[in-house]
Amino acid sequence: MKVTVFGTGYVGLVQGAILSEVGHEVICVDVDANKVERLKKGEIPIYEPGLEPIVTENYAAGRLRFTTDAAEGVKHGDVQFIAVGTPPDEDGSADLKYVLAVAQTIAENMEKRQIIIDKSTVPVGTADKVRDRVAETLEKRGRTDLQYAVVSNPEFLKEGSAVADCMKPDRIIIGTDDDYAEEVMRELYAPFNRNHDKVMIMDVRSAELTKYAANCMLATKISFINEIANLAELLGADIEAVRQGIGSDPRIGYQFIYPGVGYGGSCFPKDVQALIRTSDQIGFDAKVLKAVEDRNHQQKTTLFGKIRKHYGGDLSGKTFALWGLSFKPNTDDMREAPARVLMEALWEAGAKVQAYDPEAMEETQRIYGNRDDLSLCGTKESTLKGAAALVIVTEWQAFRAPDFDLIKQQLAEPLVFDGRNLFEPKRMTKKGFTYYSVGRQTQ
């Protein structure tokens with residue numbers, strides 16, 4: 001099938017690449033000419049494990065192409081994916097200007113029956129707005145004879161494992177009431193639906209809400225376990241024991257109940273906020289979602305609170321070794337990252353940061369530029385020299401088994417603030433460290 005994807009961010013690029021991998025002919029359209037030229041050269045603008053070889057191999061085979069020519073893209077595709085950004089507006093609601101701009105572009109250039117697929121995470125009712133924009137544009141062209149359907153097909157990709165999630169989806173949500181569109185979508189996804197039927201057909205609004213509900217449910221689990229972790233510290237309990245105790249219940253499970261310093265990234269914060277704003281707009285008070293958001297904001301400050309308390313509130317002139325900058329492992333994404341909240345609080349308090357991350361160094365440089373109070377180091381070990389303490393913010397695998405003797409030698413004192421509970425408190429005490437973690441007792 002001939003497929004066009006508008007947008008080459010995490011969703012668009014991964015989706016386009018994987019569709020080409022199974023044999024579809026894909027054109028990815030983006031307004032950023034520089035990004036398009038880089039993609040043609042095999043330069044991937046995001047870090048996503050396994051993506052680069054799929055893009056380069058399918059581009060070389062001619063199954064995957066990149067262009068800034070929207071008309072070429074529309075002419076090519078039997079289906080048109082809209083996978084552009086939906087950034088938060090000033091009030092926190094999802095900004096649909098890019099989505100609607102693509103819808104208009106499709107309508108301005110289409111000359112045959114089209115299936116228009118909302119792949120971006122969009123509020124309930126967006127398909128109606130896309131449909132209206134297409135209808136208005138076709139009417140201006142005098143082409144009301146052209147048939148089209150707008151389908152909601154939300155993505156469920158996790159940054160860091162997006163390729164695997166796309167190749168082996170656990171469900172394929174298709175929101176449509178159009179029989180022809182359903183038939184086309186089933187054909188499109190047939191290569192991913194062979195072991196058992198993963199396709200779920202529902203109405204468009206239910207499909208749109210499913211995406212938000214899924215992300216908000218996962219965000220709720222994270223905020224809940226963080227709240228219990230804070231309680232555990234005050235009550236003298238161990239959150240790791242509690243986590244295993246509740247996780248063994250199959251109704252709860254172990255996923256997304258790891259305590260830490262809050263969630264970040266491009267999805268959870270934005271989607272929780274957007275659903276709250278949608279609720280406000282229809283007069284519904286989303287109390288649980290507001291509590292989830294509030295707990296997450298506060299959780300991002302807890303690590304700094306422990307550091308400040310340990311030093312009696314005086315951090316001026318101190319330097320801290322920081323391990324982890326991205327919001328989670330296996331990505332270079334720093335959007336809403338807890339590390340940003342921590343660094344900015346340390347700087348405000350007069351401290352300096354020596355930081356390392358396996359993938360997010362360039363992104364950190366792009367965001368903060370050159371600062372006297374920020375040193376980006378080439379290795380995790382080089383952050384330690386002259387630092388008052390080690391602070392762990394992201395749970396990269398490379399941080400799980402460090403040289404503790406070297407850490408003790410390099411730090412001003414054997415002091416670790418662990419925002420991801422990578423180590424056992426008793427073992428750290430035995431090694432001679434003062435060790436702070438999340439939801440466990442200071443040894």
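Student: How many of the 12 residues of helix H1 are buried?
Tutor: This is a predicted model, where local features need pLDDT of at least 70, side-chain atom pairs count only at pLDDT 80 or more, and totals for chains, interfaces and linings use all residues. Residues are numbered from 1 along each chain as its sequence is written, and side-chain values use heavy atoms, without hydrogens or water. Helix H1 is largely enclosed by the rest of the structure, because its count of buried residues (under 20% relative accessible area, 1.4 Å probe, protein chains only) is 11 of the 12.

Student: Which glycines of H1 are buried?
Tutor: The buried residues of H1 include Tyr10, Val11 and Leu13. Glycines are among them too: Gly12 and Gly16.

Student: How far apart are the end C-alpha atoms of H1?
Tutor: H1 covers residues 10–21, as a DSSP run of at least four residues. At 1.5 Å a residue (times one less than the number of residues), H1 should span 16 Å. The model agrees, with the end C-alpha atoms apart by 16 Å.

Student: Which residue just after H1 takes a positive phi?
Tutor: Look just past the end of H1. The phi there is about 115 degrees. The residue is glycine 23.

Student: Is leucine 234 buried or exposed?
Tutor: Leucine 234 is found in helix H9, residues 204–235. Its relative accessible area is 74%. The cut-off is over 50%, so leucine 234 is exposed.

Student: What is the relative accessible area of aspartate 203?
Tutor: Aspartate 203 lies in the loop between strand E8 (199–202) and H9. A strand is a DSSP run of at least two residues. Aspartate 203 is partly exposed, because its relative accessible area is 40%.
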